[in-house]
Amino acid sequence: MSEPLKFTYPVDGDNFTSAGQASVQVKKVLRRLGLDPETIRRVSIAMYEGEINMVIHAGGGEAEVLIYEDNVQIILRDKGPGIADIEQAMQEGFSTAPDNIRSLGFGAGMGLPNMKRYTDDMRIESEVGVGTTITMRVDL
Amino acid sequence: MTVQTLAGLEGVRALTCPEPEREIRGVYIGDLLSWVMGRAEADNVWITIMTNINIVAVASLADTSCILLAEGVTPEQSVLDTAEAKGVNILQSAKPIYETAMQLREFV
């Protein structure tokens with residue numbers, strides 16, 4: 001298999017208004033590569049939800065996108081507080097987001113479920129006090 | 001129906017319309033942004049009363065044809081500038097959400 005196209009983006013943890021910039025960049029790249037619109041939508045939304053989570057909970061982190069011939073992988077790494085109970089965090093409606101985030105229309109407990117909904121595979125590795133790495137795959 | 005046509009309906013006006021020829025297919029209504037991203041479909045009109053900057057990213061990534069702000073709510077100019085730059089159409093309806101949606105019923 002040929003080498004994947006690889007893109008790395010820092011996710012700024014202090015700036016909630018610019019959250020999503022990495023996702024918008026990736027969307028542009030995927031458009032240029034000629035991927036079908038629904039695939040681009042799935043990758044973009046999954047990545048945006050991940051970015052938002054990193055800004056809300058982890059003080060930012062790093063997003064890496066690998067584009068293979070037959071799939072796109074998104075790897076989100078942060079050094080945040082970690083997720084104590086992943087099963088609980090995956091439930092729709094469960095949220096630990098603060099009120100100021102909720103008033104913006106986020107924090108509905110839909111982020112992780114949306115990431116799972118829009119990808120073909122999602123893995124969460126998390127250690128409390130150390131950080132979280134989420135790996136998602138969307139098949140082409 | 002195109003976004004431009006929608007902008008011409010009674011009580012509706014374009015606040016920024018960088019892609020006026022975009023076709024509309026269906027409507028989604030919601031204010032919780034993640035809920036919208038999970039449920040809205042590409043080319044939908046998205047009716048909401050949220051006006052913060054994040055609606056631009058949500059509309060762009062969820063690939064909706066336009067944001068239709070109901071109740072006459074108005075975003076800050078910086079939101080409109082960002083939308084213009086990112087090719088996101090933002091329209092405004094003077095009517096409440098229900099009346100706005102009913103007005104669209106015969107077109108979508």
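1. A:Pro10 has A:Glu62, a residue of β2(A), as its bridge partner. This pair is a starting point for reading the model, which is a predicted one. β1(A) and β2(A) run antiparallel and are joined by eight bridges. In general, the strands of a sheet pair through backbone hydrogen bonds, in a parallel or an antiparallel sense.

2. On to the next strand of chain A. β2(A) also pairs with β3(A), again in the antiparallel sense, over six bridges. A hairpin of three residues makes the connection from β2(A) to β3(A). A:Ile67 has its bridge partner, A:Val72, in β3(A). β2(A) is mostly covered, with six of its eight residues buried.

3. Is A:Leu76 buried or exposed? This residue lies in strand β3 of chain A. Its relative accessibility is 4%, and buried means under 20%, so A:Leu76 counts as buried. Leaving aside residues up to four places away in sequence, A:Leu76 touches A:Gly50, A:Met54, A:Glu62, A:Ala63, A:Met115, A:Thr132, A:Thr133, A:Ile134 and A:Met136. A:Glu62 is thus a contact of A:Leu76 and the bridge partner of A:Pro10. From A:Leu76 to A:Gly60 the C-alpha distance is 9.9 Å, with their positions 16 residues apart in sequence.

4. Helix α1 of chain A covers residues 21–32, twelve residues in total. From its first C-alpha to its last, the helix reaches 17 Å, close to the 16 Å expected at 1.5 Å a residue. Its buried residues are A:Ala22, A:Ser23, A:Val24, A:Val26, A:Lys27, A:Val29 and A:Leu30. Just after the helix, A:Gly34 has a positive phi of about 85°.

5. What covers the buried residues of α1(A)? From chain A, the cover includes β1 (5–12), α2 (37–57), β2 (60–67) and β3 (71–78). Chain B is represented too, by α3 (54–62).

6. That chain B helix deserves its own point. Nine of the nine residues of α3(B) are buried, so the helix is largely enclosed by the rest of the structure. Among them are B:Asn54, B:Ile55, B:Val56 and B:Ser60. The cover over these residues includes α1 and α2 of chain A, and α2 (33–39), β3, β4 and α4 of chain B. After α3(B) comes B:Asp63, with a positive phi near 65°.

7. Chain B has an open sheet of five strands in the order β1-β5-β4-β3-β2, with mixed pairing. Which strands stand at the edges? They are β1 (12–16) and β2 (27–29) of chain B; each has a single partner strand, so one side of each is left without a neighbour in the sheet. On average, neighbouring strands of this sheet are turned by 25° against each other, direction ignored. α3(B) packs on the sheet, where it touches β3 and β4 (66–69) of chain B, and its direction makes about 140° with that of β4(B).

8. Two pairings within this sheet can be followed residue by residue. β2(B) pairs with β3(B), residues 45–48, in the parallel sense over three bridges. B:Tyr28 stands opposite B:Trp46 of β3(B). β3(B) and β4(B) also run parallel, joined by four bridges, and B:Ile47 has B:Leu68 in β4(B) as its bridge partner.

9. In a regular strand, side chains alternate between the two faces of the sheet. β4(B) can be read this way: B:Cys66 and B:Leu68 point one way, B:Ile67 and B:Leu69 the other, and all are buried. Elsewhere on chain B, helix α4 (residues 77–86) lies across β1 and β5 (90–93), running at about 80° to β1(B).

10. The largest pocket holds about 560 Å³ of space. Its lining has 34 residues, and those nearest its centre are A:Asn53, A:His57, A:Ile83, A:Thr96 and A:Leu112. Two or more lining residues come from each of α2, β3, α3 (86–89), α5 (111–117) and β5 (131–139) of chain A. Which element gives the largest share of the lining? That is α2(A), with seven residues.

11. A last residue to check is A:Pro98, found in the loop between α3 and α4 (99–102) of chain A. A:Pro98 counts as partly exposed because its relative accessibility is 39%. The C-alpha atoms of A:Pro98 and A:Ile56 are separated by 8.4 Å, although the two residues are 42 apart along the chain.

Notes
Residues numbered from 1 in each chain as written. Chains lettered and ligands numbered in written order. Predicted model: local features only at pLDDT ≥ 70, side-chain atom pairs only at ≥ 80, totals over all residues. Heavy atoms only, no water. Expected span 1.5 Å × (residues − 1). Buried < 20%, exposed > 50% of the residue type's maximum accessible area, 1.4 Å probe, protein only. Contact = heavy atoms within 4.5 Å. Pairing = 2+ DSSP bridges. Axes fitted to C-alpha atoms, helices over the stretch in contact; angles between N-to-C directions. 1 Å grid on protein atoms, 1.4 Å probe; cavity = no way out; pocket = protein on both sides within 12 Å on 5 of 7 lines; lining within 4 Å. Points joined across faces, edges and corners; volume = space filled by probe spheres on them.
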